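Please open the structure in your viewer and keep the sequence at hand. This tour proceeds stop by stop, telling you what to select and what is to be found there.

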Amino acid sequence: MSSITCPECGSANTPDSVFCAAGGASLATATPPPPPPAETTYQPPPPTVSPVERPTGVTILGVLAVIAAILQIISGLILAALTDNGGFIVLFLIIGIFYFITGWGLLNLKKWSWYIALILSLIGLIGFPIGTIISIIVLWYLFKTKTYFGL
């Protein structure tokens, strides 16, 4: 049961009292105690939006692009050492960087990486017969999974 506290002496009085029972002071200026806190109910946290799960094929393409980047850079270094031509290392380094960036973008489902992978696969079509077959498969899979990239 709630009570009113006397502003003069601090003693507790019944809620319907007009004057303090201990000291006789007016309780008209006394403020009633705050109401008890309302019972809180459990509020579950809002649902989190799960990120889009990357398809296994896109993961494989991303890892293969990173491996291709490493191989391109190593090939450029070997050719530059064998031929004393710095142009090889520059060309292979640039191609290796494109493959590495593409692999990273594919692994993170970046929209721009889909376009770069498309361009690299189109260029790969000229490597007849193996490059052509691999590029056709990659192109088919890129178009099959383009919705994962927001396209």
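The tour that follows visits a predicted model, and residues are numbered from 1 along each chain.

**Stop 1: asparagine 13**

Begin by selecting asparagine 13, which lies in strand β2, residues 12-13. Is this residue buried or exposed? Its relative accessibility is 4%, so asparagine 13 counts as buried.

Now display its side chain. A polar atom of the asparagine 13 side chain lies 3.3 Å from the backbone oxygen of serine 11. The side chain of asparagine 13 also reaches the backbone nitrogen of alanine 21, at 2.9 Å. When neighbours within four places in sequence are left aside, asparagine 13 is in contact with Ser3, Ile4, Cys6, Phe19, Cys20, Ala21 and Leu27.

**Stop 2: leucine 27**

Select next one of those contacts, leucine 27. Leucine 27 is placed in the loop between β2 and α1. With 5% relative accessibility, leucine 27 counts as buried, because the limit for that word is under 20%.

Which residues surround it? Apart from neighbours within four places in sequence, leucine 27 is in contact with Thr5, Cys6, Pro7, Asn13, Ser17, Val18, Phe19 and Cys20. Add aspartate 16 to the selection: its C-alpha atom is separated from that of leucine 27 by 9.8 Å, and the two residues are 11 residues apart along the chain.

**Stop 3: the largest pocket**

Turn now to the largest pocket, whose volume is about 620 Å³. Its lining consists of 21 residues, and those closest to the centre are Leu64, Ala65, Ala68, Tyr99 and Ile134. Select these five residues to find the place.

Which elements give two or more residues to the lining? They are α1 (56-83), α2 (86-107), α3 and α4. Colour α1 separately, since α1 provides the largest share, 7 residues. By character, the lining divides into 15 nonpolar and 6 polar residues, with no charged residue.

**Stop 4: two residues of helix α2**

Select leucine 91, which lies in helix α2. At 46% relative accessibility, leucine 91 counts as partly exposed. Its C-alpha atom is separated by 9.2 Å from that of isoleucine 73, and these two residues are 18 residues apart along the chain.

Then select threonine 102, which also lies in helix α2. Threonine 102 counts as buried, with a relative accessibility of 2%. Where does its side chain reach? The side chain of threonine 102 reaches the backbone oxygen of phenylalanine 98 at 2.7 Å. Not counting residues up to four places away in sequence, threonine 102 touches Ser113, Ile116, Ala117 and Leu120.

**Stop 5: two points of backbone geometry**

One general remark prepares this stop: most residues other than glycine have a negative phi, and most peptide bonds are trans.

Select leucine 109 in the loop between α2 and α3. Although leucine 109 is not a glycine, its phi is positive, at about 55°. Leucine 109 counts as buried, its relative accessibility being 16%.

Move next to proline 129, in the loop between α3 and α4. Display the backbone here: phenylalanine 128 and proline 129 are joined by a cis peptide bond, with omega about 0°.

**Stop 6: the aromatic rings**

A pair of aromatic rings is described by the distance of the centres and the angle of the planes. How many aromatic pairs does a search of the whole structure find? The search finds 4. Among them is the pair of tryptophan 114 and tyrosine 115, which is edge-to-face, with 5.4 Å from centre to centre and 85° between the planes.

Now add phenylalanine 143. The ring centres of tryptophan 114 and phenylalanine 143 are 5.3 Å apart and their planes stand at 90°, so this pair is edge-to-face. Tryptophan 114 belongs to helix α3 (residues 111-124) and phenylalanine 143 to helix α4 (residues 130-144), so the pair ties together parts that are 29 residues apart in sequence.

Are the three residues buried or exposed? Tryptophan 114 counts as buried at 4% relative accessibility. Tyrosine 115 counts as partly exposed at 42%, and phenylalanine 143 counts as partly exposed at 46%. Keep all three selected to end the tour: ring pairs link Trp114, Tyr115 and Phe143 into a cluster.

How values were computed
This is a predicted model: local features need pLDDT of at least 70, side-chain atom pairs count only at pLDDT 80 or more; totals for chains, interfaces and linings use all residues. Side-chain values use heavy atoms; hydrogens and water are left out. Rings of Phe, Tyr and Trp (its six-membered ring) pair if their centres lie within 6.5 Å; planes under 30 degrees apart count as stacked, over 60 as edge-to-face and the rest as tilted. Buried means under 20% relative accessible area, exposed over 50%, partly exposed in between (1.4 Å probe, protein chains only). Helices (H or I, at least four residues) and strands (E, at least two) are DSSP runs, numbered from the N terminus. A polar contact is a pair of N or O atoms within 3.5 Å; within protein, one must be able to donate a hydrogen and the other to accept it, and residues adjacent in sequence count only if both atoms are side-chain atoms. Contact means heavy atoms within 4.5 Å. On a 1 Å grid over the protein atoms alone, a cavity is a set of points where a 1.4 Å probe fits but cannot get out, and a pocket is an open set with protein on both sides within 12 Å along at least five of seven lines; lining residues have an atom within 4 Å of a point. Grid points are joined across faces, edges and corners, and a volume is the space filled by probe spheres set on the points. Ala, Val, Leu, Ile, Met, Phe, Trp, Tyr, Cys and Pro count as nonpolar, Asp, Glu, Lys and Arg as charged, and the others, Gly among them, as polar.
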